[in-house]
Amino acid sequence: MAPKGSVGKGSPRDVEAVHIFMGSKSDMTVASKAVDVLKELGIGYKVTVASAHRTPDIVEREVKGSSSRVFIAIAGLSAALPGVVASHTLRPVIGVPVSGQVNLDSILSIVQMPPGVPVAAVGLDRGENAALLAARMLALGDEKVQSALSTYMQRMREKVISSSKEVQL
Ligand code: C2R
């Protein structure tokens, strides 16, 4: 039975609201995309390298001891990590497949979870979308995160509009 654990109290800005796991240090470029977005939105986070295959005991300990509200799990190849994180918690888990020689291996490992253990999946290497999805979850209970997300969306909109002007040759 997965424990409920204790979720950190206070604003997502003041606690490690998102816990990012990566299966290896080699996944760092994908994790950096998530970290950049969380920093931009002012959301607190923690990053851990731990592997369901190589250090299963550390994954279990880190998840069960985490006070974060949402987990992001980044892994390539046979990506068991997001599913194993989800098996140790009742909090939402977002999986990020990492690209490699095959690509479908990590995508299917994350998308094809058995019934009863849900993992939300974003696209290949889409660390920024994992962070934005986590932010949307946190925004349900926090107006400051909601407003930071609105600003982010507005900036994206302005970028598209200005790039449309740039291509008027
Ligand atoms: P190395 O570069 O360390 O050999 O790792 C990692 O996420 C990484 O993308 C190669 C790839 O193996 C992945 N890995 C997993 C897991 N642990 C490591 N998929 C896991 O537990 O699921």
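This is a short guided tour of a predicted model, with a selection to make at each stop.

**Stop 1: the sheet**

Start by showing the strands alone. You are looking at an open sheet of five strands in the order β2-β1-β3-β4-β5, with parallel pairing. At its edges sit β2, residues 45-49, and β5, residues 120-121, and each of these pairs on one side only.

Now select residues 18-22, which form β1. This strand runs parallel to β2, and five bridges connect the two. To see the register, pick Phe21 and look across to β2, where Thr48 stands opposite.

**Stop 2: strand β4 and its neighbours**

Next, select residues 93-98, which make up β4. Is this strand buried or exposed? Six of its six residues are buried, so β4 is largely enclosed by the rest of the structure. Colour the two faces separately to check both sides: Val93, Gly95 and Pro97 lie on one, while Ile94, Val96 and Val98 lie on the other, and all of them are buried.

Add β3, residues 70-76. β3 and β4 run parallel and are joined by six bridges. For one of the partners, click Gly76 and then Val98, its bridge partner in β4. To follow the chain between these strands, trace it from β3 through helix α3, residues 81-87, and on to β4; this β-α-β crossover is right-handed.

On β4's other connection, two bridges join it to β5, again in the parallel sense. Here Ile94 is the residue to highlight, with Ala120 of β5 opposite. The chain travels from β4 to β5 by way of α4, in a β-α-β crossover that is right-handed.

Keep α4 on screen by selecting residues 104-111. The helix lies across β3, β4 and β5, and runs at about 165° to β4.

**Stop 3: the helix pair α1 and α5**

Leave the sheet and show residues 28-41 (α1) together with residues 127-139 (α5). Two packed helices are described by the angle between their axes and the distance between the axes. For α1 and α5, the axes come within 7 Å and cross at roughly 40°. The two helices are therefore oblique to each other, and their crossing is right-handed.

Turn on side chains to see which residues meet. From α1, bring up Val30, Ala31, Lys33, Ala34, Val37, Leu38 and Leu41; from α5, bring up Gly127, Glu128, Ala130, Ala131, Leu132 and Ala135.

**Stop 4: from α5 to α6**

Stay with α5 and add residues 143-166, which form helix α6. How do the axes of α5 and α6 cross? They come within 8 Å of each other, at an angle of roughly 140°. That makes α5 oblique to α6. The crossing here is left-handed.

Where the two helices meet, select Ala135, Arg136, Leu138 and Ala139 on the α5 side, and Val145, Gln146 and Leu149 on the α6 side. Ala135 may look familiar, since it is also among the α5 residues that meet α1.

**Stop 5: Met156**

Finish further along α6 by clicking Met156, which is in this helix. Why does Met156 count as exposed? Because it has 10 C-beta neighbours inside 10 Å, and a residue with 12 or fewer is classed as exposed.

For a last distance to draw in the viewer, connect the C-alpha atoms of Met156 and Pro115: these residues are 41 apart along the chain, and the atoms are separated by 36 Å.

Terms used:
Residues numbered from 1 in each chain as written. Predicted model: local features only at pLDDT ≥ 70, side-chain atom pairs only at ≥ 80, totals over all residues. Pairing = 2+ DSSP bridges. Helix = DSSP H or I, 4+ residues; strand = E, 2+ residues; numbered from the N terminus. Contact = placed C-beta atoms within 7 Å. Axes fitted to C-alpha atoms, helices over the stretch in contact; angles between N-to-C directions. Buried ≥ 20, exposed ≤ 12 C-beta atoms within 10 Å, placed from the backbone. Right-handed = clockwise from strand over helix to strand, strands pointing away. Parallel < 35°, antiparallel > 145°, perpendicular 65-115°, else oblique. Left-handed = near helix turned anticlockwise from the far one by under 90°.
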